[in-house]
Every structure is written in C-alpha cells, then in structure tokens.
2 protein chains.
Amino acid sequence: MQLPLKGVTILEFCQYLSGPVAGLRLADFGARVIKIEQPVKGDSCRQLAIKNFWLDESSLLFHTINRNKESVAVNLKNSDDITFIKKLILKADVILHNFRPGVMEKWGLDYASVKKINPGIVYTEISGYGKKGPWKNKPGQDLLTQSISGLTNSSGNNNDYPIPFGLAIGDYLCGNQAVQAILAALIRRHKTGQGSLLELSLLESLLDFQFEFFTTYFQTNQQPKRSEFNNGHSLLSAPYGIYKTLDSYIAVAMMPLEKLNKVLQNKELEKYNESETFKKRDEIKSVLAKCFLTADTNTWLQKMHEHDLWVMPVLNWEELIQTSTYQRLNMEQEFVVGNKKIKTTRCPIRINKQYFLSTIPAPKLGEHTEKLKKELEK
Amino acid sequence: MQLPLKGVTILEFCQYLSGPVAGLRLADFGARVIKIEQPVKGDSCRQLAIKNFWLDESSLLFHTINRNKESVAVNLKNSDDITFIKKLILKADVILHNFRPGVMEKWGLDYASVKKINPGIVYTEISGYGKKGPWKNKPGQDLLTQSISGLTNSSGNNNDYPIPFGLAIGDYLCGNQAVQAILAALIRRHKTGQGSLLELSLLESLLDFQFEFFTTYFQTNQQPKRSEFNNGHSLLSAPYGIYKTLDSYIAVAMMPLEKLNKVLQNKELEKYNESETFKKRDEIKSVLAKCFLTADTNTWLQKMHEHDLWVMPVLNWEELIQTSTYQRLNMEQEFVVGNKKIKTTRCPIRINKQYFLSTIPAPKLGEHTEKLKKELEK
C-alpha cells in the first residue's frame, strides 16, 4: 500500500515531546522526517530518561518517539551550516519547530525569512503559551501548562489537591493537533499553491480539550466542581465514576437510577429520582459506594451487563495485556537498537486493514548529516 | 483566506462525542459536514445535558460540538431514505461513523457496500474496543474505555483509588486522530485516486497516549507506580508534581535538586543527590512538601524564576480567564441559538494568523433534509 505522505519531507527543529510526537505520526504516515539538531547535545529529549531507562547514549523515551526519522547535526551559528539548512529548506514541504519565541528568529529561520527561500513551505510553530504576553518566555512544559490551564481542577474529588493528569497531555494533544494542521495545510497548498504559517500552543490545545468546562462556565459563571466521592467528570450526574467492590473496582458510566436499582435493589436509592442525579450526586454516590462494596466485581459485571448497563472492570496494564481484546489489536511493534529488540506501541490508526509499522530506530545524533549533504550536491 | 477543506463533503453518522468532535474540526477547516440522524431522537448527544444545561430541544453540549454542520433526518429502514442516502454517498468524500460493529452493516452501509457506490470514499470507523473480541459490542463509552486501558492508574497518588482523567479523553483523542486519518487519506486519494477504509477505536487511542507507560513496561516488566506524594507522572523523578504553599499551590517540573536547593536552602534536601531522585522520590517529595508550605506561591515563583527553574502557579478557570495571556489568545467565539448568544472556545489551530471561526449554530434535527433532497435533484 502506498503510504499517504510518501514524497513529503518534514524538517523537525524540535525537542522533548510535543514536536517529536507530531513528527513520529507524520513519519508513520510515510513522510521523510529529518531532525535538525544542535551538535554535541542534540534534542534535549535524548537526555530525558523516564525511570532512568537508556538504550544507548539516548534514553528509551527519545527512541520511542523519534524512531523512523533521520538526524542532521548543525551549528546554526556557523554560516556554512546555515547555507546547508537553507538548501534543505528549499527541498522541504514542512518545517516544524517547538522552540520558545525568538529562537528561530535568532538563526534567521523565522517564517518571513524561510518563506523567501521556499514560498510553498508549511511552517509550523508550537509554543507553550502563545507568542505574546508575560509568559511567552516561560518554559512550555507539560505540567506547567496543565496547571495554568485549569485542568488540574478536574480529576480527583472535590476536597483533593489540584491533581494533574498523570501523563504529558498538553504535549501529546498539541502534537496531535499539529499533525492535523500540517495535513490540512498540505491539502490547501495542493489546491491553491500557497504555503502557510501554522501556530499552536500547549495552552490552546488544553483549552480546546476543556471545551465542556469553558462553554458551561461561560453560560453559568460557575466553576465546574468535582463531586465529593468517586468523581469521574465534574459536569456529570450520579452514578458516573469508579466504585470499590468487594475485591477490586468497577467503572460505572451514565444510566438511569431506576434501571440501576433493578439490579441493586437498594431501599435508600429508591428515595432519589432522576431529576436529582446532578444536584444530589454526592448523596447518591455515597449510597452507591456502600452498595457496590457488598459483592465482587464479576458478580456486578454479570448482573449489570444482563440489564445492558454501561459498566466495565478497572484494569491495570498487566491485566489489560492478558485480555483477548488487547491481543487482537496487535498494538505492539518492535525496533532494534544495537542488538537489542525494543517493543513499543504502534500508531493507533489503521488504513485498509494495514497498520503503520516501522522497524527503523531513532537516529544517532547527526547520523545522516553527510548523506544529506551528498544528496543536495546531486 | 481559502479554507483547507473547501469543497470536501463529510457524512457524519455519529452520536455522542468522538465522531462529532472530529466532524467539528473538519467543519472548522472548511468541510461541509452533514449529520445523518435517525428521526425523532437524532444523535443521542442531543439529549445528553452536562450540568442539565439546555439551549433548545438539544443540550448545550450537543450545540457546542455540532455547530457549523447540517442535519438530515432519515429512517434507514425505509427504502426511499436509503436511496436518498446512497445518492448523498455518491457526492461525498468522507463517511465517518461511530456505531457499534454491525450497525452500518445492518443498513447496508458497510464499507464493502459503500465502496461499490463510490470507490473513492474515505470510510472512517470509530469503535470502542476494536471490531473483534468479547467486548466488541460493549458500550464504547469514555470512562469505560479509560478503565479498561490502564489509564486510571496514572493520576493521583499511589495509595489512591484508580482515578479517571476528569474529562472524556478517549473520545477526544480518538476524534482528533480520526481527523488525522481522514486528512492523510484525502492526501493519499489525491495522489493515487484510491479511497480507503480507516479504523480507529477509543481503546487504541488511549494505548497510544500511554506509549511511555507501555514501552517502559515492555522493557522492565514492572508496572509504573504513582508516587506516594504529589504525583505528577509515574515515570518521573522528584521534584515533579504540584505542592501546597502557604496560600495556594505551585507546579514544579523537572529541575536538578542542587539548583532547586539554591533557592530552598534546605538542610534535609542536601542529603540527597541527583542519582537518587527517582528511587527516593517519595522521601524527597515529602521533604519538599514541608518546605513549600513555609512561604506563599508568589514568593516561590519570584525566587525560583530568578534561577530559571521550571515552576508556574496552579490556576482555576476563573483565575486563568483574567490573565493577559489568556486574553491575548482570543480563545472565545460566539454562535447564536434562537436569540441567545452562546460563548464557546474556538479551534486551537491558527493558519496565517487567522482563527477558524464560525457563528453557525448546530442544526435542528433534520433541518436540511429537504434542502439536500432538492440539491440532489439538480
């Protein structure tokens, strides 16, 4: 199968997560992704180990999100290197960078300058908080943008600390939306012949993600409030949440109380009617919490699934991997670093029943510099 | 500015969030998005109120994610209506559906059938857990897919309950990735003339999102473990997390302990060296927690920013909206329902300094049925 982005070249002037996650998706889709890195250190993510896990001179995390790419190491203060990069820009379709505002300008690689070299370029900028305002030079780091965005008031219960989402959600969302923007701009270029400047930030991605909170807040002027118990979503009624059972936990989504009580047969629950499930959700949830403790998860699942209620077990990673559903998804793939096989997850999208797989590991810093210089001489 | 997807027609056979969120982005990008709904009830999201907030006969949530679309109401058991839909399919570029496996088949609108009508169609399927396995007919609801995916073991602290992400992350991610898939397939169709079948699921999107957890787990066979205190990310070392101060909270990202202690000047912290920040993160974090309680957030921010440390305040929605950074992002836009102005957030992407804005509200159920029938007669 011909990959969608065959023939498209991306120059990735990126570090850490947001930009490289976008580059990875584009590489999986068939683009040629060339990382432009500074000599000696390169992308700072090479030195960012999660759980202190290293594969070679770079971390496991770096390898995971930079597989299937090439690397060019250049000193952008050196005029020969700048000339080389400008030749590369002439051949490229997309530039993607996630430096703080001012950095690409310093190197003469801002959009206005690059556009003169290649007017059709799709120039993509990822910042932390946008390019204006008092925070523009603050680190656009995931936890910090989460904390600014209000998001830390949505998980956990009402009396808890602010609880961040336990993964780099700002980076991941913004990277994914950069892919959308780039693909849309490539379609637009095909129709109009015009390049474009694309601007995204972690903060804007996190605000879009919270569209439910903001839209509700704009209409009501009341801040969404987490429920006291078993909070699943600040804006949803009881029973929505995760409950402890006799042996583990059960996830309970939306369902009419009356239908739920056909299974639970709980006298206390009978007192509440459907119109009170938002206002009195804490009372109702505390009744439910006591009730779910009286039997084990499998018993509840069986009884509740018989009534077509929306419940599922709560699994950890080990339990999930043993399920036949997980195994049928073929979610795993391998790449090789040195003589070591590394297992990772694949792109979540399938096209014509095929997965986007690649065994090409992340490049060593500057691994393709000479090769690319020779290519440009041709 | 010509919008990227001008001239592209999407048929959205969708309900609730995942599909409509994708449709909304495509509509913002300039596509014509036509919702195909069942008569009487339509998209079930019309009846899903968040915080019991309604705008007309449909909820605020429905309006928020279905603005800028058209609606056709058809009874897919009726042969005239099926004929009408097949004529629409002939004119369409993309079909997007998020029904459980088997539903589109029942109506004769599965990929094999649709491809015969329009071989160039980009046919996109969103499921909960993939199309095989014992869960294939279980509700592909956000909280339930989160709970299956292992994700509820990542936010909060180690001794907490499983804590779900307090927003519909599975729906939102999968919708965003459906947009990527559709745009990539449109590019591929332009090059090869071929349509395609795209398959995604909430579960696969949630697994991709957890690539760090899974890749680390595959190499170590150890499950990532949340820290005991102030967890920010299971795989990261101290000090990463949110800390209580004298008056509020502060978000503290990655930084060398020694550099941090230049500000804190804490005797106990001196005992730890950088190589212990993962292994002894709970000890270190409990020392830090005591220390951050001794001054207010602004004092810490000022001192720590002077040393270029990665810290930011923790805001709620009201506080965020008052910042000049938020105001400069122009994140808000309005649409009109009846004679009521409704404020919502805009698409997080900017192209050539322009935002993707639209004042067109969500359609009434079947609002465009007759108009589209007439269009097809031409």
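Start with chain A and color its two domains: the centres of domain 1 and domain 2 of chain A, taken over C-alpha atoms, are 42 Å apart. Domain 1 covers 9-209 + 330-377, and domain 2 covers 241-321; such bounds come from an automatic or database domain assignment.

This is a predicted model: local features need pLDDT of at least 70, side-chain atom pairs count only at pLDDT 80 or more, and totals for chains, interfaces and linings use all residues. Residues are numbered from 1 along each chain as its sequence is written, while chains are lettered from A and ligands numbered from 1 in the order in which they are written.

**Chain A as a whole**

Show chain A as a cartoon. It holds 15 helices and 13 strands. Helices (H or I, at least four residues) and strands (E, at least two) are DSSP runs, numbered from the N terminus. The C-alpha atoms of chain A fill a box of roughly 80 × 50 × 40 Å along the principal axes. Of the 378 residues in chain A, 56% are buried. Buried means 20 or more other C-beta atoms within 10 Å of a residue's own; exposed means 12 or fewer; partly exposed lies in between, with C-beta atoms placed from the backbone.

**Strand β1**

Select residues 9-13 of chain A, which form strand β1. Is β1 mostly covered or mostly uncovered? Mostly covered: 4 of its 5 residues are buried.

Now add residues 32-37 of chain A, strand β2. β1(A) and β2(A) pair in the parallel sense over 4 bridges. Two strands count as paired if DSSP finds at least two bridges between them. Find A:I10; opposite it in β2(A) stands A:V33.

Next, add strand β4 of chain A, residues 94-97. β4(A) runs parallel to β1(A), and 4 bridges join the two. Here the bridge partner of A:I10 is A:V94.

Add helix α1, residues 18-28 of chain A. β1(A), α1 and β2(A) make a right-handed β-α-β unit. Right-handed means that, with the strands pointing away from the viewer, the path from the first strand over the helix to the second runs clockwise.

**Into the core**

Which residues have the most contacts inside the largest nonpolar core? Select A:I182 and B:I182; that core has 232 residues. A nonpolar core is a set of buried Ala, Val, Leu, Ile, Met, Phe, Trp, Tyr and Cys residues joined through C-beta atoms within 7 Å. A:I182 touches A:L26, A:V94, A:V122, A:T124 and A:L198, leaving aside residues up to four places away in sequence. Contact means that two C-beta atoms, placed from the backbone, lie within 7 Å.

**Two chains, one axis**

Show both chains. A rotation of 180 degrees, with 0.0 Å of shift along its axis, superposes chain A on chain B (RMSD 0.0 Å). The two copies are thus related as by a two-fold rotation axis. Select A:Q180: its C-alpha is the one in chain A nearest the axis, 2.6 Å from it. The fit is by least squares on the C-alpha atoms of residues with pLDDT of at least 70 in both copies.

**Backbone stops**

Most residues other than glycine have a negative phi, and most peptide bonds are trans. Zoom to A:A238 and A:P239: the peptide bond from one to the other is cis, with omega near 10 degrees. A:P239 lies in the loop between α9 (211-220) and β7 (241-244) of chain A.

Stay in that loop for A:N230. Its phi is positive, near 50 degrees. A:N230 is buried, with 25 other C-beta atoms within 10 Å.

Finish at B:V40, in the loop between β2 (32-37) and α2 (60-66) of chain B. Phi of B:V40 is also positive, near 70 degrees. B:V40 is exposed, with 9 other C-beta atoms within 10 Å.
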